[in-house]
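Trainee: Could you take me on a close look at one part of this, the pocket, and then show me how some of the helices pack?

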Amino acid sequence: MRKKIVAGNWKMNKTFNEAEDLLFDIADLLKNNRPADVEILVCPPAIYLELSADIAHENGFSCGAQNLSQHEAGAFTGEISAAMIASTGAKYVIVGHSERRTYFGEDDVLLAAKVSQALKHELVPVYCCGEVLAEREAEKHFTVVGEQIQKALFHLTAEEFSRVVIAYEPVWAIGTGRTASPAQAQEMHAFIRKVLADKFGQAAAEETTILYGGSCNAANAAELFANPDVDGGLIGGASLKAEDFVKIASSF
Ligand code: PEP
């Protein structure tokens with residue numbers, strides 16, 4: 001059975017003390033309210049990865065980075081390698097978040113290299129895809145998402161692909177308070193699973209965890225997660241409050 005995951009993307013938020021408080025608050029809440037069969041993942045700013053991985057592992061949740069370099073090592077000032085991330089104890093890395101695509105010019109060719117680099121160092125890439133509003137309005141959302149998947153993931157072997165998590169994040173829903181309806185989310189997740197089945201086979205597609213992201217919160221998570229092809233969420237704003245985040249993780 002495929003894994004359910006609720007992941008928090010903290011983006012560029014929290015000072016060191018605030019990050020530590022949030023981690024311990026999540027740990028405390030999970031002591032009394034641990035959802036069964038759901039992996040809980042926090043993705044803090046990279047500077048807190050070691051701290052976060054330590055607290056996460058002591059308290060039964062997981063830690064991941066928000067980005068990685070496509071390079072192995074060397075003269076790339078300011079960059080963080082997959083090996084560095086793995087050496088902190090982090091297990092996951094978000095790849096291709098729409099903010100990386102929009103503000104840092106990351107395209108699918110670069111993201112294909114980042115996915116491979118993550119897998120090389122035994123990190124689980126959480127590969128983000130999703131259309132912008134104009135693409136949905138022009139009814140191009142299936143084409144756009146299909147191409148994002150094909151260009152960044154179809155070079156993988158079956159074994160490599162079996163370690164990938166996908167997050168469908170319609171860009172028009174990220175940080176906007178506007179959420180895809182449960183039907184829109186289900187429709188796209190089923191489409192993604194079909195694209196994966198055509199390339200990697202039905203069994204592999206059935207085993208792939210596909211998360212929804214985009215203004216998912218404590219009030220709407222349950223109806224989104226109730227869909228058969230929605231295996232959890234990638235949560236931005238609502239992951240910055242421990243109560244909300246743990247409530248979302250308990251929404252299956
Ligand atoms: C995100 O950044 O991945 C995200 C889904 O953000 P938000 O939940 O704030 O829309």
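Mentor: Sure, and let's begin with a term: a polar contact is a pair of N or O atoms within 3.5 Å; within protein, one must be able to donate a hydrogen and the other to accept it, and residues adjacent in sequence count only if both atoms are side-chain atoms. This is a predicted model, with local features needing pLDDT of at least 70 and side-chain atom pairs pLDDT 80 or more, while totals for chains, interfaces and linings use all residues. Residues are numbered from 1 along each chain as its sequence is written, and side-chain values use heavy atoms, leaving out hydrogens and water.

Now the ligand. It has 14 residues around it (a heavy atom within 4 Å), and Lys11, His97, Glu169, Gly175 and Ser215 are the closest. Lys11 puts a side-chain N or O atom 2.6 Å from a ligand oxygen. For His97, a polar side-chain atom sits 2.8 Å from an oxygen of the ligand. Gly175 uses its backbone instead: a polar atom there is 2.6 Å from a ligand oxygen.

On to the helices (DSSP runs of H or I, at least four residues, numbered from the N terminus). Take α7, residues 141-153, and α9, residues 182-200: their axes (lines fitted to C-alpha atoms over the stretch in contact, angles from 0 to 180 degrees between N-to-C directions) come within 10 Å and cross at roughly 40 degrees. So the two are oblique, since under 35 degrees is roughly parallel, over 145 roughly antiparallel, 65 to 115 roughly perpendicular and the rest oblique. The crossing of α7 and α9 is right-handed, meaning the near helix is turned clockwise from the far one by less than a right angle. Residues touching here (heavy atoms within 4.5 Å) include Phe142, Val145 and Ile149 of α7 and Met188, Phe191 and Ile192 of α9. By class, this contact has ten nonpolar, two polar and one charged residues; Ala, Val, Leu, Ile, Met, Phe, Trp, Tyr, Cys and Pro are nonpolar, Asp, Glu, Lys and Arg charged, and the others, Gly among them, polar.

α7 has another partner, α5 (residues 108-120), with axes 7 Å apart at an angle of about 50 degrees. That makes α5 and α7 oblique too, and their crossing is right-handed. Asp108, Leu111, Ala112 and Val115 of α5 meet Glu147, Gln148, Lys151, Ala152 and Leu153 of α7. The tally for α5 with α7 is five nonpolar, one polar and three charged residues.
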